[in-house]
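Subject: Structure handover, with notes on charges and surface

Hello,

Here is the structure for you to look over. My notes follow below it.

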Amino acid sequence: METQEVAVMSSERYQRLAKEVSYLSPEEQADLRDLLNRALSDEVNRRLLARGTISRIPDPPTSEDVERRREWKPIAIEGKPLSEIIIEERR
């Protein structure tokens with residue numbers, strides 16, 4: 001098959017898939033989004049590992065990790081923002 005034929009088939013397949021996804025409930029769409037995000041993340045991690053950029057693929061976050069992140073609040077400090085202090089010191 002020529003490259004153009006593959007591109008046309010991929011486009012047609014994408015259009016069919018997009019139409020099917022539109023029939024899913026919002027919850028099903030959210031589940032599908034999570035599945036795709038995990039798959040893409042796994043692929044990125046595999047490529048980084050193969051290049052030697054990372055030495056191991058990190059474990060997925062636990063429910064406790066997710067909850068802790070949701071509850072995280074930044075610490076309020078007084079004075080100038082750190083970015084301003086750094087810029088001033090570089091002058």
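Which residue forms a salt bridge with Glu43, and how far apart are the closest N and O atoms? The partner is Arg46, and the closest N and O atoms are 3.0 Å apart. Before the rest, one caution: this is a predicted model.

Salt bridges

The total is five salt bridges. I take three of the pairs in turn, starting with the one above.

Glu43 and Arg46 both sit in helix H2, which covers residues 26-51. They are three residues apart there, so about one helical turn separates them. Glu43 is partly exposed, at 30% relative accessible area. Arg46 is partly exposed too, with a value of 45%. The pair also belongs to a network of salt bridges, in which Glu43, Arg46 and Arg47 are linked.

Next is helix H3, residues 63-71. Asp65 pairs with Arg68 here, with 2.6 Å between the closest N and O atoms. Again the two residues are three apart in the helix, so the separation is about one helical turn. How accessible are the two ends? Asp65 is partly exposed, with a relative accessible area of 30%. Arg68 counts as exposed, at 54% relative accessibility.

Helix H3 holds another pair, Arg70 and Glu67. Their salt bridge has its closest N and O atoms 3.7 Å apart. The cut-off is 4 Å, so this pair qualifies as a salt bridge. Arg70 and Glu67 are three residues apart, which means about one helical turn lies between them. Arg70 is exposed, with 60% relative accessible area. Glu67 is partly exposed, at 36%.

Surface patches

Which residues gather in a patch of negative charge on the surface? They are Glu27, Glu28, Asp31 and Asp34. Asp34 is a residue of helix H2. Its relative accessible area is 39%, so Asp34 is partly exposed. Patch members must have over 30% relative accessible area, so Asp34 passes on that count.

There is a nonpolar surface patch as well. Leu82, Ile85 and Ile86 make it, and its area is about 250 Å². Ile85 has its place in helix H4. Ile85 is partly exposed, with a relative accessible area of 31%. The patch cut-off is over 30%, so Ile85 meets it.

Contacts

Ile85 turns up again beside a charged residue. What does Lys80 touch, once neighbours within four places in sequence are left aside? Lys80 is in contact with Ile85 and Glu88. Lys80 itself lies in the loop between H3 and helix H4, the latter spanning 82-90. Lys80 is partly exposed, at 43% relative accessible area.

Is Asn45 buried or exposed? Asn45 has 15% relative accessibility and counts as buried. The limit for buried is under 20%, so Asn45 falls within it. Asn45 lies in helix H2. Leaving aside neighbours within four places in sequence, its contacts are with Ile54, Ile57 and Pro58.

One more residue

Tyr14 belongs to helix H1, residues 3-22. Tyr14 counts as exposed, with 54% relative accessibility. The cut-off for exposed is over 50%, so Tyr14 clears it. I also have a distance from Tyr14 to Leu36. Their C-alpha atoms are separated by 14 Å, and the two residues are 22 apart along the chain.

Where to look, in short

- Helix H2: the Glu43 and Arg46 pair, with Arg47 linked into the network.
- Helix H3: the pair Asp65 and Arg68, and the pair Arg70 and Glu67.
- Negative patch: Glu27, Glu28, Asp31 and Asp34.
- Nonpolar patch: Leu82, Ile85 and Ile86.
- Buried residue in helix H2: Asn45.

Best wishes

Notes:
Residues numbered from 1 in each chain as written. Predicted model: local features only at pLDDT ≥ 70, side-chain atom pairs only at ≥ 80, totals over all residues. Heavy atoms only, no water. Salt bridge = Lys/Arg side-chain N within 4 Å of Asp/Glu carboxyl O. Helix = DSSP H or I, 4+ residues; strand = E, 2+ residues; numbered from the N terminus. Buried < 20%, exposed > 50% of the residue type's maximum accessible area, 1.4 Å probe, protein only. Patch = residues over 30% accessible without salt bridge, like charges linked within 9 Å, V, L, I, M, F, W, Y side chains within 5 Å. Areas by Shrake-Rupley, 256 points an atom, 1.4 Å probe, with all protein chains shown as cover. Lys, Arg positive; Asp, Glu negative; His and termini not counted. Charge placed at Lys NZ, Arg CZ, Asp CG, Glu CD. Contact = heavy atoms within 4.5 Å.
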